[in-house]
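Work through these exercises with the structure open beside you. Try each task before reading its solution.

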Amino acid sequence: MISLLDCTLRDGGYVNDWNFGHDNIVNIFERLADSRVDMIEIGFLDERRPFDKNRSIMPDTRSANEIYGHLDKKNSIVVAMIDYGTCSIENIQDVEDTCIDAIRVIFKKHIFREALDFCAAIKKKGYLVFAQMVSVTSYSDDDMMEFIEYANGVKPYAVSMVDTYGLTHQDNIMHYFSLLDKYLDPQITIGYHGHNNFQMGYANCISVIKSAEKTKRNLLVDGSLYGMGKSAGNAPIELIAMYLNQLSPKRYSLYQMLEAIDSTIMNFFTSATWGYNLFFFIAASNDCHPNYVSFLLNKKTLSVKSVNDILQSLCKEKALLYDESYIEELYIDYQKNDINDDDAIAKLQEKLEGKEVLLIGPGKTLEDNYEKIKTYIKDNNPIVMSINCIPEDIKIDYMFLCNAKRYIQLASKLSKEQYNIIATSNLTKTGSNEFKYVLNYAALLENAPIVADSAMIMITKVLSNIKCKALSIAGLDGYTESTALEFSNETGAEAIVNISGYINEKISNCIYEHFNDNNVTFLTESLFDRARENEQ
C-alpha cells in the first residue's frame with residue numbers, strides 16, 4: 001500500500017515561522033481531510049515555543065488539542081513532528097488523550113541511537129512512531145546497516161529517508177531504498193521526504209511509488225501544498241496525488257487541495273517565495289549545508305566560481321554540519337594566494353611617496369558632489385584613486401581592486417579603457433585586463449571579524465606603507481545597519497549588536513591610526529569621519 005502524507009503545516013512553517021493564522025490552519029487541515037489524504041502533519045511539538053493558536057508549532061500535545069481537537073479529521077491519520085531533543089517525553093500525553101495519532105522524530109546520523117530510544121518511549125504511549133533519517137545522504141552503507149539493526153530492535157511504524165538538502169537523484173534514493181527494503185523488518189513502512197534543490201522531489205517520489213511493484217511492504221511519500229517548505233520547498237502534493245489517481249482513480253480529491261492553495265497558500269507565496277533558485281542549487285550541487293553558501297555569498301567579495309571552489313574543498317565530515325569558524329578559515333585561505341609584492345610596493349612608493357591621494361568610492365554622496373570634487377582636484381592636484389569602482393566623469397590615476405565579484409562586474413568596462421590597476425592577489429585576471437601592481441592579499445587582512453578584508457582598510461594600509469603624505473576621501477559614506485548586514489556574514493552580524501557602528505568604528509580607527517587628523521580630509525559626508533563624529 002502507498003500512503004500520502006501532507007507536511008504543509010509543519011515544513012511549510014519554515015517559510016512563515018509557522019504563523020499561518022488560526023483560520024488558515026483550520027482551512028488547510030479541513031481541506032486536506034476532505035481531499036482524503038492519508039496523513040496530515042499538523043506541525044512541530046517544541047517545548048521551547050509558547051502556545052499560540054495562530055502557529056503550527058506547539059510546546060506539547062495538550063496545545064495541539066487546543067488547535068485541532070475539535071476538527072474532523074475524517075479518515076486521515078493526524079501526525080506531529082519532534083526534532084529530537086526539543087520536546088521531552090513529559091510533554092507527550094498518552095495517545096488516547098490527544099487528537100494526534102502518530103509522531104515523527106527527526107534526528108541526525110550521529111545521534112540515531114538516542115533518537116530511536118526516544119521513539120521507543122513514544123511508542124509505549126500508544127502512538128504510531130516514525131524514525132526520520134535527516135540528511136540520508138550522509139549515511140554510508142555501513143552506517144545504514146548499523147541504523148537498520150538498531151531500528152529493527154525498536155520496530156517503529158515507519159522509517160523515512162529525509163533528503164534534507166535536496167541532494168538525491170533517482171539512482172541515489174533507490175540505493176538507500178534497496179538497503180532498507182532488503183534488511184529492514186518487513187512490517188516497517190519505508191517513507192521518503194524530499195526537497196527540490198535539484199527539482200527532483202516529485203521525480204524521486206514517483207521512483208519510490210513505482211518500487212511498490214517490487215516490494216510487499218507499505219510505502220509512504222511526503223508532499224506539501226504547492227511545494228511550500230524549507231529552502232527550495234517540497235514535492236507538490238497535488239502533483240503526487242494526481243499521479244496516484246492515475247493508479248487508483250478518484251483516490252484523492254485534487255479539487256480540495258487546489259482550493260486550499262488558492263485560498264491560503266498563495267497568500268504566503270507572494271510575500272515569501274520558496275522553490276528552486278540559484279542559492280539552493282549551489283548548496284545541493286556541492287553536497288553541503290546551505291549556511292556555508294550564505295556565509296560565502298554574504299561576503300559580497302566572491303564570484304560564483306570562487307564560491308564553488310571553496311565549497312568543493314569542504315571535508316566530507318563537515319559538509320552537512322555547519323561550522324562557521326571552519327568556513328571562515330577556508331575563505332581566508334582561498335583568498336590569500338601569497339605572493340612576493342616587494343617590487344610592486346617599491347614601484348608604487350616611487351610614484352606616490354609624499355603625495356596626497358584622493359580616494360573615491362561608489363557611495364551616494366559622490367553623485368551629489370561631483371562639481372565640488374572636480375574643483376578640489378583642479379585646485380589641489382591629488383593622485384586620484386578609485387576603490388572597486390569606475391566613477392563617471394572623473395578621471396582617475398589608479399584603481400584599487402580587491403573584490404572578485406566587483407571585478408567581474410567591471411570587467412567589460414575595464415576592457416574598453418586601460419587603467420593603472422592595483423589588485424590584490426586573490427583576484428584572477430580575465431581577458432585583456434592588466435594588473436599593473438599586484439599586492440599580497442594576506443598581508444593586508446585586518447585581524448578583526450567582519451572587516452578582515454575591508455577594501456578601505458586594505459588601501460589605507462597600502463598608502464601608509466608607501467608613505468603617502470595625506471588622504472582625501474569622497475564617496476565612501478560608511479555603513480548604515482542595512483548596508484552593514486549586506487556587507488557582513490549573517491552569523492558574525494548576529495554576534496555584534498550594533499553592526500554598522502562596529503564596522504564604521506573599525507574602518508575609522510584604521511584611517512586615523514595610519515594618517516593623523518591633519519592629514520585626512522573628507523570631501524563628502526561620511527560615517528568614517530572622526531571629526532564629524534566629534535562635532536556631534
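**Exercise 1.** Find the partner with which Asp323 forms a salt bridge, and decide whether each of the two residues is buried or exposed, or in between.

*Solution.* Keep in mind that this is a predicted model. Step one: look around the side chain of Asp323. Its salt-bridge partner is Lys318. The closest N and O atoms of the pair are 3.0 Å apart. A salt bridge needs these atoms within 4 Å, so the pair passes. Step two: check accessibility. Asp323 has 21% relative accessibility, which makes it partly exposed. Lys318 has 29% and is partly exposed as well.

**Exercise 2.** Locate Lys461 and Glu446, and explain what their salt bridge ties together.

*Solution.* Step one: check the distance. The two side chains meet at 2.9 Å, N to O. Step two: place the residues. Lys461 belongs to helix H21 (residues 455-465), while Glu446 sits in the loop between helix H20 (441-444) and H21. Therefore the pair ties together parts that are 15 residues apart in sequence. Step three: sort them by accessibility. Lys461 has a relative accessible area of 13%; buried means under 20%, so Lys461 is buried. Glu446, at 25%, is partly exposed.

Next, look for a network. Arg10, Asp11, Glu41, Arg104 and Asp222 are joined into one by salt bridges that share partners.

**Exercise 3.** How many salt bridges does a search of the whole structure find? Then analyse the one between Glu146 and Arg113.

*Solution.* Step one: the count is 21 salt bridges. Step two: recall the principle. Side chains of opposite charge can pair when their charged atoms come close. Step three: apply it. The side chains of Glu146 and Arg113 meet with an N to O distance of 3.0 Å. Glu146 is part of helix H6 (residues 141-154) and Arg113 is part of helix H5 (residues 112-124), so their bridge ties together parts 33 residues apart in sequence. Step four: add accessibility. Glu146 is partly exposed at 39%. Arg113 is partly exposed at 38%.

**Exercise 4.** Describe how helices H8 and H9 pack, and list the residues that make the contact.

*Solution.* Step one: choose the descriptors. Two packed helices are described by the angle between their axes and the distance between the axes. Step two: read both. The axes of H8 (residues 201-210) and H9 (residues 237-247) come within 10 Å and cross at roughly 30°. Step three: classify the angle. Angles under 35 degrees count as roughly parallel, so H8 and H9 are roughly parallel to each other. The crossing of H8 past H9 is right-handed. Step four: list the contact. H8 supplies Tyr202, Cys205, Ile206, Ile209 and Lys210. H9 supplies Leu239, Ile240, Tyr243, Leu244 and Leu247. Step five: sort these residues. Nine are nonpolar, none is polar and one is charged.

**Exercise 5.** Is Thr189 buried or exposed? Ask the same of Lys214.

*Solution.* Step one: place Thr189. Strand E8 (residues 189-194) holds Thr189. Its relative accessibility is 2%, so Thr189 counts as buried. Step two: find what Thr189 touches. Leaving out residues up to four places away in sequence, the contacts are Tyr157, Ala158, Val159, Asn218, Leu219 and Leu220. Step three: turn to Lys214. This residue lies in the loop between H8 and strand E9 (219-223). With a relative accessible area of 74%, Lys214 is exposed. Step four: take a distance. From C-alpha to C-alpha, Lys214 and Ser160 are 18 Å apart in space, and 54 residues separate them in sequence.

Note on methods: Residues numbered from 1 in each chain as written. Predicted model: local features only at pLDDT ≥ 70, side-chain atom pairs only at ≥ 80, totals over all residues. Heavy atoms only, no water. Helix = DSSP H or I, 4+ residues; strand = E, 2+ residues; numbered from the N terminus. Buried < 20%, exposed > 50% of the residue type's maximum accessible area, 1.4 Å probe, protein only. Axes fitted to C-alpha atoms, helices over the stretch in contact; angles between N-to-C directions. Parallel < 35°, antiparallel > 145°, perpendicular 65-115°, else oblique. Left-handed = near helix turned anticlockwise from the far one by under 90°. Contact = heavy atoms within 4.5 Å. Nonpolar A, V, L, I, M, F, W, Y, C, P; charged D, E, K, R; others polar.
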